[in-house]
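Grab a coffee and work through these exercises with the model open beside you. Each one gives a task, then a solution in steps.

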Amino acid sequence: MEWQDSYALGLPRMDDTHREFVACVARLSAADSEKVVDALEDLLAHAKEHFAQEERWMEDSHFQPVFCHADEHARVLDSLKKIIVMARNNPGLGGIVAKELENWFIQHAATMDAVLAAHLRQTNH
C-alpha cells in the first residue's frame, strides 16, 4: 500500500496520521514471516493512538455520529488483536490482512473520515 493524494482529506493532522497508517500497512505487507507479528503489533499500537485521536476530536467537536465511527474503530482493533494471536502460528496472514486493511482504509477514509473532516472544518476544530 502506498499513499495516494486521493486519500488526503485536507486536514494536515488527519492526513499525517493517515499517512502513518498507510506506512504501517505497507510494512505489514512487506514483512517476512519472522516479522509479521512485529508488524501487526506496530500497526495495532498505531491504530490505538490514531483512533483515540479521532475519537477525541469527535467528542471535543460534538460530532453526532461519534458512536458509529468509534464502533467501527473498536471492531478493527478487536480484529487486529485476534489476528495477532492467529499470526503467531500462521505468519502468512500478514499479506492477507494488509490487503484487507488497505480496502478497509480506502472505504473508511472516503466515508466516515471524510464526514468527520468536513465537520471539523465547519466547527473550526
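**Exercise 1. Work out whether D16 is buried, partly exposed or exposed, then describe its salt bridge with R19.**

Solution. Keep in mind that you're looking at a predicted model.

Step 1: D16 has a relative accessibility of 41%. Buried needs a value under 20% and exposed needs one over 50%, so D16 comes out as partly exposed.

Step 2: do the same for R19. Its relative accessibility is 37%, so R19 is partly exposed too.

Step 3: check the distance. The side chains of R19 and D16 meet at 3.2 Å, N to O, and the cut-off for a salt bridge is 4 Å.

Step 4: place the pair. R19 and D16 are three residues apart in helix α1, so about one helical turn separates them.

**Exercise 2. Describe the salt bridges D78–K82 and K99–E102, and say how exposed D78, K99 and E102 are.**

Solution. Step 1: start with D78 and K82. Their closest N and O atoms are 3.0 Å apart, and both residues lie in helix α3, four residues apart, about one turn of the helix. D78 has a relative accessible area of 36%, which means partly exposed.

Step 2: move to K99 and E102. Here the N to O distance is 3.7 Å. Both residues lie in helix α4, three residues apart, again about one turn of the helix.

Step 3: compare each partner with the cut-offs. K99, at 44%, is partly exposed. E102 has 19% relative accessibility; the limit for buried is under 20%, so E102 counts as buried.

Step 4: put the pairs in context. The model has five salt bridges in total, including D78–K82 and K99–E102.

**Exercise 3. Classify the ring pairs W3–Y7 and F21–F105 as stacked, edge-to-face or tilted.**

Solution. Step 1: know what to look at. A pair of aromatic rings is described by the distance of the centres and the angle of the planes. There are five aromatic pairs here.

Step 2: take W3 and Y7. The ring centres are 5.5 Å apart and the planes sit at 85°, so this pair is edge-to-face. Y7 is buried, with a relative accessible area of 10%.

Step 3: take F21 and F105. The centres are 5.4 Å apart and the planes are at 25°, so this pair is stacked. The pair links distant parts of the chain: F21 belongs to helix α1 (residues 12-30) and F105 to helix α4 (residues 93-122), 84 residues apart. Both F21 and F105 are buried.

Step 4: zoom out. W3, Y7, F21, F51, W104 and F105 form one aromatic cluster.

**Exercise 4. Find out which residues surround H18 and whether H18 is buried or exposed.**

Solution. Step 1: locate H18, which lies in helix α1.

Step 2: read its accessibility. The value is 0%, so H18 counts as buried.

Step 3: list its contacts. Skipping neighbours within four places in sequence, H18 is in contact with W3, L9, H50, E54, F105, A109 and D113.

**Exercise 5. Say which residues touch the most other members of the largest nonpolar core, and which helix gives the most to that core.**

Solution. Step 1: the largest nonpolar core has 28 residues, and L28, L40, L43, L80, L101 and F105 touch the most other members.

Step 2: sort by helix. α1, α2, α3 and α4 each supply at least two residues of this core, and α2 gives the most, with eight residues.

Step 3: pick one residue, say L28. Not counting residues up to four places away in sequence, L28 touches V36, A39, L40, L43, G94, V97 and A98.

Step 4: don't miss the second, separate core of 10 residues, which includes L9, L11, M14 and A117.

**Exercise 6. Give the phi values and surroundings of H62 and N124.**

Solution. Step 1: recall the usual case. Most residues other than glycine have a negative phi.

Step 2: look at H62. Its phi is positive, about 60°, although H62 is not a glycine. H62 is found in the loop between α2 (36-60) and α3 (66-87), and is exposed at 61%.

Step 3: look at N124. Its phi is near 55°, also positive in a residue other than glycine. N124 is found in the segment after α4, and its relative accessible area of 73% makes it exposed.

Conventions: Residues numbered from 1 in each chain as written. Predicted model: local features only at pLDDT ≥ 70, side-chain atom pairs only at ≥ 80, totals over all residues. Heavy atoms only, no water. Phe/Tyr/Trp six-rings, centres within 6.5 Å; stacked < 30°, edge-to-face > 60°. Buried < 20%, exposed > 50% of the residue type's maximum accessible area, 1.4 Å probe, protein only. Contact = heavy atoms within 4.5 Å. Core = buried A, V, L, I, M, F, W, Y, C linked by side-chain atoms within 4.5 Å.
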